[in-house]
Protein chains: 4
Amino acid sequence: MVVVLKKRTTEEQIANLVGWLKAQGLDADISSGENTTIVGLVGDVSRVDTELLEALEIVESVKRVSEPFKAANRKFHPEDTVVELSDGTRIGGGHFAVFAGPSAVESEEQILQVAEAARANGARVLMGGAFKSRTSPYSFQGLGKEGLDLLLKAKKATGLPVMTELVDAADLDLYEDVDILQVGSRNMQNFSMLRELGHSGKPVLLKRGLANTVEEWLMSAEYILSEGNRNVILCERGIRSISESTRNSMDLSVVPVVHKLSHLPVVSDPCHAIGNAEFVPAMACAATAAGTDGLLLEVHPDPTKALCDGVQSIAVDHLSPLCEKIRKIREALK
Amino acid sequence: MVVVLKKRTTEEQIANLVGWLKAQGLDADISSGENTTIVGLVGDVSRVDTELLEALEIVESVKRVSEPFKAANRKFHPEDTVVELSDGTRIGGGHFAVFAGPSAVESEEQILQVAEAARANGARVLMGGAFKSRTSPYSFQGLGKEGLDLLLKAKKATGLPVMTELVDAADLDLYEDVDILQVGSRNMQNFSMLRELGHSGKPVLLKRGLANTVEEWLMSAEYILSEGNRNVILCERGIRSISESTRNSMDLSVVPVVHKLSHLPVVSDPCHAIGNAEFVPAMACAATAAGTDGLLLEVHPDPTKALCDGVQSIAVDHLSPLCEKIRKIREALK
Amino acid sequence: MVVVLKKRTTEEQIANLVGWLKAQGLDADISSGENTTIVGLVGDVSRVDTELLEALEIVESVKRVSEPFKAANRKFHPEDTVVELSDGTRIGGGHFAVFAGPSAVESEEQILQVAEAARANGARVLMGGAFKSRTSPYSFQGLGKEGLDLLLKAKKATGLPVMTELVDAADLDLYEDVDILQVGSRNMQNFSMLRELGHSGKPVLLKRGLANTVEEWLMSAEYILSEGNRNVILCERGIRSISESTRNSMDLSVVPVVHKLSHLPVVSDPCHAIGNAEFVPAMACAATAAGTDGLLLEVHPDPTKALCDGVQSIAVDHLSPLCEKIRKIREALK
Amino acid sequence: MVVVLKKRTTEEQIANLVGWLKAQGLDADISSGENTTIVGLVGDVSRVDTELLEALEIVESVKRVSEPFKAANRKFHPEDTVVELSDGTRIGGGHFAVFAGPSAVESEEQILQVAEAARANGARVLMGGAFKSRTSPYSFQGLGKEGLDLLLKAKKATGLPVMTELVDAADLDLYEDVDILQVGSRNMQNFSMLRELGHSGKPVLLKRGLANTVEEWLMSAEYILSEGNRNVILCERGIRSISESTRNSMDLSVVPVVHKLSHLPVVSDPCHAIGNAEFVPAMACAATAAGTDGLLLEVHPDPTKALCDGVQSIAVDHLSPLCEKIRKIREALK
């Protein structure tokens, strides 16, 4: 961390600052130029409160040189984290997985049909919404507990591990047999929930917030990791931008960026990012070529009965050719 | 709501769609042009699931003509909502209030000192963080329960109503004597929490999310209102934008926009929006001139002991001249 | 185009509006609901001035149903545009090309060395900046006319077609032997320049502006096309967003989106979008998998003499393995 | 400027770097910590090419401590710039001016009528579009030369100085009698044009680009100033953001920010920023309270003949009460 001091700072003020920093376990290198004095902090700066430092009267600005995240930081944990599920499925460190399922669990017939097709077409995780997080209180909020039970029925029937969203930490008991707890983008900075997930020890898929930086996303992962739960999968689902041609903008560069900064696996959700099934295959291929560790693909059982399907879902029988293409692209990258 | 149909839609498909809409209590006007058929929906469209409609195979696009919010909508509730606090302070409908206090409650001495000065300088609500929502798990998270107790002590000492942030709905019992529950921008779409606040009946100050539209913000208010709690105050605190010269961009146009769309009071938080105390007075004046119903002003007791103060706080003794300026601007607007 | 009228519009006002629209060659379908009257416009609406329509007192809002671009619109020109260069190189309609070269032409030795390596490694177009567009007047502005001459020397030596940026339409005469005129993102809406390029007939590569929508981008292409020049290549180079981990955000979804909306080829510039050579190969692969028609790759001759190279350039000898990977991905997509 | 070096940088490499920096007239302070070596640059760093420095193999990052603009920088020119027009009207340094006029000059009658009303209501500058910059080639492009002549006729009739937009530097000869040359937001980084305006010496109003930072805006002003023309007025006209309730987001904080960073006057254009006449008065008042040096107000002569008026224009007879309110707010700020 580099602290730039204001022009008329006195020797005494600098000495006071250095003393205060030392009390916090940090060393300080002073570099005095004609116009500027710069203090380089050495030591564990990840616990330094930047805003507090910036507020000091003698400080002009504070610039981070190293990242504020620690448990998520590849520098301190060079090995890839590999998240392993109950059935032995692995994600991260070269292990790739397709997550497939409907946006919302709607009936036993629907979820069983999708689950079978998903497994047959190579998906490794079944996903499906039970408690939904909706912008409007008047929109369908999911089947709740009943949807969760149907999802677990489909898990039993197919043997696929399941993932579903947690919208309230008070519901956590209901999720005992769920394999991966999904944190939606709107809850990425619901820190109370993140801390409870840290205690649970279960695999967590943490979606990036709509307008959050990679650093903020990794700091949210840090809330889970620092409580002792190392099974965190990051998931990019698009950011809000000036672009209007897709629902959100898929920020694919986070795949190589996260792989550099962190040891955690990062997967991609082209359906929510794009919001239009027509463009999902191209973006699923692009994410694969960028090196993603997995793909979330919303599917629906029957394209002719489109009434209850989201605009962003692809038909189950299109899953197989897409998975084949993805396999070939992964081959080409080797 | 206007539904634009695809080119080769048959008469039969249109009849099916109209039947399905009628079953949902809506009437449909068909307008067939050479290239396009347009269906105008008449009736209560606020409960229509737009995404579901867009997913229909025959639908090209869906455009809302009226707003999806109802309880918050001025069209249905033309009278201004006025939120009244325990001591008779009113906010909205021409009643203006300054909220003042420290970013975090730090000690009994600090909060009592700020509270006295705030009251003396014309503030109507004392605010202060007890449970803090911080990007990093390593940053100071507030004094928690102890901070809350100190804030309530200051309430007793000064008679000022108090506001503090709720970060976990499970803590709600602790907030019984708090006058206004603040929902932070990161929890604007924590819908479980919003619903519980709807049940509580207490005044809620709902901050706008960092990258949320006015419509999404009003839909979040709708979660509280539709559970029967009408005491909602909206608070603009800046949006994340391409601008880099201030922490966030203060989107002041929401003041007249919200006043047109909704009957709810809207207040402004220049300190969080700008992040630099130097520019806060100019933006507080601007918000006042735009017609805001109140201002949140972070203050700290002593500018010479800057160590624990945020960069965005103004010194308590600067509050009085600023409040005087604000009073004069409000006078000029009459 | 759909025009929504205000509630209390009279029959006479509607009749006046319809009359005015007919005078402009448009038919109007009226759909009167209980709360809203909607006018659907039929005919060539691409020349209608939406803002003017919105300004009418009786109009609540205007919603476009069809796109405002015509010459660039795939609906009217279903066949892919294929841009053919002097040496027979084709771009678009399934023809893919790598553009390679330095950010700025610096010396005869440099440009010749890069040009030879580019050709040897499979590039089809040599690019190099002569007149540069820089944010600061104090930054290096390129060698100008001398840089152009060196680039043309490299064209003669290698036989590769060349592309370079035009920063002032008054310089157009100097570009006679240049094969592709590049319009930088800062000039995407320099309409005077676009019109002159429309007259020139030469292939134009039109970069997307930093914060422009796909529609605005296609409207800028329309300025060139509508003057009779059909040789337009679109180039995505990243948009400014809330993301901070890369210089800009690479909005890869524009590849399938543009392919749907328009017949024009669209190529990708991962170097400018990302600004960090480390992440360029992953994003070049991703763009290829998304279906791009070409890639702009900044290269520099010698990685050990990094002094004058941009952070975003890749070493010439890394070009060959990257091109091989790209070839394999294109194979996998078939 | 602070240069952070990579971990394994050798003494020799550092010595080479320092030597190279000295050759460019800069001194370097070295601060070596356990993990990081930091080089603080002392001297005139405004001409240093940051990108070039970042590209050096031993450099991890470069952080600016001081601003890259010089001629526009208040640090070097503490006195406010006051732009004086032919009739003695002054803008900046406490002098405030209202600019009023139609979006486009349409007829002699229209411009004369507006000009008279503008003058009568206290406007100091008459503005009106002759050559228009439009997103679509099919939209009305202005009356061109004829519009310019009509504007100059209105200047003669009323004695008001006039401002109009320059869209092509080749047209500069036509603007001899124009008092202020307006650079539109789309041309903010048309550097060829900015340089020519630098030579012209005439007052220039430089609009901020749709997605440009304050630093980029000041660097564009620097292109004009560094050619010897000091008569530059900055104009904020809204930025593109995630907000959807107004056309653009009015970033009012730039008023105090620019006043701190630069000595140039900064005026505000609420009409283009907001795009809805209904909200213009509130935002004009807000800009005034924020301390703007002037306001651009689009007006139209007759609200009942709305056909040719923009949605963002206010009726001429509303100008007088608005100007009166603005006067009172300016009074309140004293």
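## A look around a four-chain model

Of the 334 residues of chain A, 63% count as buried (buried means under 20% relative accessible area, using a 1.4 Å probe and protein chains only). This is a predicted model, where local features need pLDDT of at least 70, side-chain atom pairs count only at pLDDT 80 or more, and totals for chains, interfaces and linings use all residues. Residues are numbered from 1 along each chain as its sequence is written, chains are lettered from A in the order in which they are written, and side-chain values use heavy atoms, with hydrogens and water left out.

Chain A has ten helices and 15 strands (DSSP runs numbered from the N terminus: H or I of at least four residues for helices, E of at least two for strands). Its C-alpha atoms fill a box of roughly 75 × 45 × 40 Å along the principal axes.

### An open sheet in chain A

Four strands of chain A make an open sheet in the order 2-3-1-4, with antiparallel pairing (two strands pair if DSSP finds at least two bridges between them). Strand 2 (27–32) and strand 4 (59–63) of chain A sit at the edges with a single partner strand each, so one side of each has no neighbour in the sheet. From one strand to the next, the twist averages 20 degrees (angles run from 0 to 180 degrees between N-to-C directions of axes fitted to C-alpha atoms). What holds a sheet together? Its strands pair through backbone hydrogen bonds.

### Strand 14 of chain D

Now hop over to chain D. Is strand 14 (residues 294–300) of chain D buried or exposed? Seven of its seven residues are buried, so strand 14 of chain D is largely enclosed by the rest of the structure. Gly294(D), Leu296(D), Glu298(D) and His300(D) point one way, while Leu295(D), Leu297(D) and Val299(D) point the other way.

Here are some strand pairs from both chains:

| Strands | Sense | Bridges | Residues standing opposite |
|---|---|---|---|
| 1 (residues 2–5) and 4, chain A | antiparallel | four bridges | Val2(A) and Lys63(A) |
| 7 (residues 97–101) and 14, chain D | parallel | five bridges | Ala97(D) and Gly294(D) |
| 14 and 15 (residues 314–315), chain D | parallel | two bridges | Val299(D) and Ile314(D) |

How values were computed. Buried < 20%, exposed > 50% of the residue type's maximum accessible area, 1.4 Å probe, protein only.
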